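Welcome! Take a moment to look over the sequence and the 3D view before reading on.

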Amino acid sequence: YNRERLLEVVEQIVKKEGFFRKPVPISSFKNTQKPSILQVLELEFGSLIFDIYINSITIACLQPAQRSAIHVDRNFDNTPTLKALNIPVTPCNNVVMNWYDVRPGGKIKILKSAGGWEIPGLSLDQSIHRHSQKADRPFIVNPSSFHDIVNNGEQMEMIISIRTGYEDHPFK
């Protein structure tokens with residue numbers, strides 16, 4: 001994909017929507033914004049890629065040294081999001097995605113998702129780190145396990161996530 005063009009398109013939307021000014025780093029793109037992003041990636045809204053029905057795109061807009069909450073991705077009907085294609089928009093050389101287990105006796109909390117519904121969350125002190133994945137190139141993830149995304153660098157970073165949103169899924 002043309003990373004420079006993707007950056008231009010996404011940066012314009014991010015500035016217009018003020019995503020970097022939001023209190024949480026994860027946001028969802030509007031349906032009217034998705035086609036321009038997918039066009040740069042040479043993907044089509046409603047098509048399949050890696051068994052992902054493309055109809056939902058979220059973005060992590062990470063300030064330097066920022067960490068998202070540890071969370072589990074769910075659709076609005078509380079079904080798990082089982083697969084997502086994560087694509088860095090900026091270099092993301094110092095961005096990692098981490099996966100966690102609940103510490104024995106640990107407590108799960110409730111968070112609000114980028115879409116506005118309740119999802120399970122976890123505090124760092126209630127978690128056990130299980131795995132890390134560098135986020136500097138496209139990769140497929142299973143976001144139905146506890147995870148976060150962390151910018152360990154000194155630059156603002158953006159990474160998009162393409163997934164199936166249940167509400168528009170033709171196979172539901």
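Here is a short tour of one residue and the sheet beside it. Keep in mind that this is a predicted model. We begin with Asn142, which sits in the loop between strand S11 (139-141) and strand S12 (147-151), and then move on to the open sheet that includes S11.

**Asn142 and its surroundings**

- Asn142 counts as partly exposed because its relative accessibility is 37%, a value that falls between the 20% limit for buried and the 50% limit for exposed.
- Leaving aside residues up to four places away in sequence, Asn142 touches Thr81, Leu82 and Trp99.
- Along the sequence, Asn142 and Ala84 are 58 residues apart, yet in space their C-alpha atoms are 6.4 Å apart.
- A polar contact of 2.5 Å links the side chain of Asn142 to the side chain of Ser144.

**The sheet**

- The open sheet has 5 strands in the order S1-S4-S13-S6-S11, with antiparallel pairing.
- Strand S1 (26-28) and S11 are the edge strands; each has a single partner strand, so one side of each has no neighbour in the sheet.
- On average, neighbouring strands of this sheet are turned by 30° against each other, direction ignored.
- In general, strands of a sheet pair through backbone hydrogen bonds.

**Where S6 meets S11**

- Strand S6 (residues 84-88) pairs with S11 in the antiparallel sense over 3 bridges.
- Asn86 stands opposite Phe139 in S11.

**A helix on the sheet**

- Helix H1 (residues 3-17) packs on the sheet and touches strand S4 (56-62), S6 and strand S13 (157-163).
- The direction of H1 makes about 95° with that of S13.

Terms used:
Residues are numbered from 1 along each chain as its sequence is written. This is a predicted model: local features need pLDDT of at least 70, side-chain atom pairs count only at pLDDT 80 or more; totals for chains, interfaces and linings use all residues. Side-chain values use heavy atoms; hydrogens and water are left out. Helices (H or I, at least four residues) and strands (E, at least two) are DSSP runs, numbered from the N terminus. Buried means under 20% relative accessible area, exposed over 50%, partly exposed in between (1.4 Å probe, protein chains only). Contact means heavy atoms within 4.5 Å. A polar contact is a pair of N or O atoms within 3.5 Å; within protein, one must be able to donate a hydrogen and the other to accept it, and residues adjacent in sequence count only if both atoms are side-chain atoms. Two strands pair if DSSP finds at least two bridges between them. Axes are lines fitted to C-alpha atoms, for helices over the stretch in contact, and angles run from 0 to 180 degrees between N-to-C directions.
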